[in-house]
Amino acid sequence: MKDSAVKIPAFQTMVSHPRDDYTLIDSGNGRKYERYGRYHFIRPEPQAMWEPASDIWQADAEFIPAADADGGGRWHYTGGILEGWPLHWNDVHFTAECTPFRHLGFFPDMDPVWRWMGNKVEAVHSPECMNLFGYTGVGSLALSSFGAKVVHVDASKKSVAKARENASLSNMTDRPIRWIIDDAAKFTAREVRRGRRYDGILLDPPKYGRGPDGEIWRLEEDLPELITNCRKLLDENSKFLFLTVYAVRMSAIAIGNLLQEAFADMGGTVEFGELAVQEEARGHLLPTAIFARWSR
């Protein structure tokens with residue numbers, strides 16, 4: 001291996017600790033007990049294989065998974081349907097809500113990721129970043145709060161509309177954020193042809209998805225080309241690329257190797273590992289996703 005090539009260090013764990021906007025209170029027996037702001041929830045969690053610390057979980061809503069393997073299900077509310085409620089992460093304000101996919105409008109385990117990105121761009125004058133598969137925009141607004149110009153890309157009109165609403169709640173409507181409704185892979189390829197460059201790229205691709213014009217996204221098939229194109233949008237002055245992968249049978253080592261190959265000519269460091277949330281009851285770490293990141 002050449003001296004200028006990236007080198008993969010030991011496995012890393014990025015931990016989200018209990019805080020005001022989110023706390024993992026307890027977990028066990030295939031479920032987790034969480035607080036999102038002022039409300040409490042119970043959701044399925046197959047990796048919580050241990051016994052819970054308490055058998056008394058009083059929740060405002062519980063997600064009941066479907067009997068089949070399609071990943072569906074429904075919310076059961078104990079005191080009436082929850083229509084949405086305000087939360088915040090630092091200066092970023094947004095609306096949380098119960099979605100049909102068991103999520104609640106943002107991913108609280110991204111807290112250490114957003115802080116890490118902020119550290120990478122804080123010394124850059126007017127940094128430019130891209131958030132692919134940007135969902136409800138909390139990550140894009142976090143980048144904006146660190147002074148970055150942001151290109152937010154998501155194929156869902158509903159998600160981009162929610163992201164714009166969250167920008168308004170955060171008093172960030174005047175920030176330099178481009179809200180793009182597009183297929184992430186196609187948009188990235190066009191950015192390469194336009195000769196664009198970025199200081200940082202955040203991407204959180206789903207296992208399977210559809211673009212606005214019916215494009216099909218399959219993670220295992222399409223991720224390598226997307227990473228290749230993302231690499232072309234970064235140069236010797238760029239600071240990071242951060243990739244998270246949820247709910248797939250894939251190893252952190254595999255995506256670490258993918259980044260190692262893509263960034264072999266860039267120097268810097270490739271790291272890989274797991275995102276985890278620290279439980280309040282006993283301090284257990286509940287794994288939530290795998291990640292790989294390149295940085296300089």
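Where does Gly-79 lie?

**View 1. Gly-79 sits in the loop between β6 and β7 (85–89).** This is a predicted model, as are the views that follow. Because its relative accessible area comes to 72%, Gly-79 counts as exposed. For a sense of distance, take Leu-24: 55 residues separate Leu-24 and Gly-79 along the chain, and their C-alpha atoms are 21 Å apart.

**View 2. Five strands make an open sheet, in the order β2-β3-β4-β5-β6.** The pairing here is mixed. At the edges are β2 (22–28) and β6 (73–77), each of which pairs on one side only. Going from one strand to the next, the twist averages 20°.

**View 3. Strand β5 (residues 61–65) pairs with β6 in the antiparallel sense.** Five bridges hold this pairing on the page. Look for Ile-64, whose bridge partner in β6 is Arg-74. A little further along, Pro-65 stands opposite Gly-73, again in β6. With β4 (residues 39–44), β5 runs parallel instead, and two bridges join them. Here the residue to find is Phe-41, with Ala-61 of β5 as its bridge partner.

**View 4. Phe-41 turns up again in the largest nonpolar core.** This core has 49 residues, and Phe-41 and Trp-85 touch the most other members. Helix α1 (residues 111–121) is the top contributor, giving five residues. What does Phe-41 contact, leaving aside its neighbours within four places in sequence? The list runs to Lys-32, Tyr-33, Glu-34, Tyr-36, Ala-59, Ala-61, Trp-75, Leu-82, Trp-85, Cys-98 and Leu-104. So Ala-61 shows up both as a contact of Phe-41 and as its bridge partner in β5. There is also a second, separate core, made of 34 residues, with Phe-133, Leu-203, Leu-234 and Val-248 among them.**View 5. Helix α2 (residues 138–145) is mostly covered.** How many of its eight residues are buried? Seven are, namely Val-138, Gly-139, Ser-140, Leu-141, Ala-142, Leu-143 and Ser-144. After α2 comes Gly-147, which has a positive phi, near 95°.

**View 6. Ser-159 belongs to helix α3 (residues 157–169).** Is Ser-159 buried or exposed? Ser-159 counts as buried because its relative accessibility is 13%, and the cut-off for buried is under 20%. Not counting residues up to four places away in sequence, Ser-159 touches Tyr-135, Thr-136 and Asp-154.

**View 7. The second largest pocket holds about 160 Å³ of space.** Its lining is made up of Asp-183, Ala-185, Lys-186, Ala-189, Glu-215, Ile-216, Trp-217, Asp-222, Glu-225, Leu-226 and Asn-229. Which elements each supply at least two residues of that lining? They are α4 (184–193), β14 (216–218) and α5 (219–232). The most comes from α5, which gives four residues.

Note on methods
Residues are numbered from 1 along each chain as its sequence is written. This is a predicted model: local features need pLDDT of at least 70, side-chain atom pairs count only at pLDDT 80 or more; totals for chains, interfaces and linings use all residues. Side-chain values use heavy atoms; hydrogens and water are left out. Buried means under 20% relative accessible area, exposed over 50%, partly exposed in between (1.4 Å probe, protein chains only). Contact means heavy atoms within 4.5 Å. A nonpolar core is a set of buried Ala, Val, Leu, Ile, Met, Phe, Trp, Tyr and Cys residues joined through side-chain atoms within 4.5 Å. Two strands pair if DSSP finds at least two bridges between them. Axes are lines fitted to C-alpha atoms, for helices over the stretch in contact, and angles run from 0 to 180 degrees between N-to-C directions. On a 1 Å grid over the protein atoms alone, a cavity is a set of points where a 1.4 Å probe fits but cannot get out, and a pocket is an open set with protein on both sides within 12 Å along at least five of seven lines; lining residues have an atom within 4 Å of a point. Grid points are joined across faces, edges and corners, and a volume is the space filled by probe spheres set on the points.
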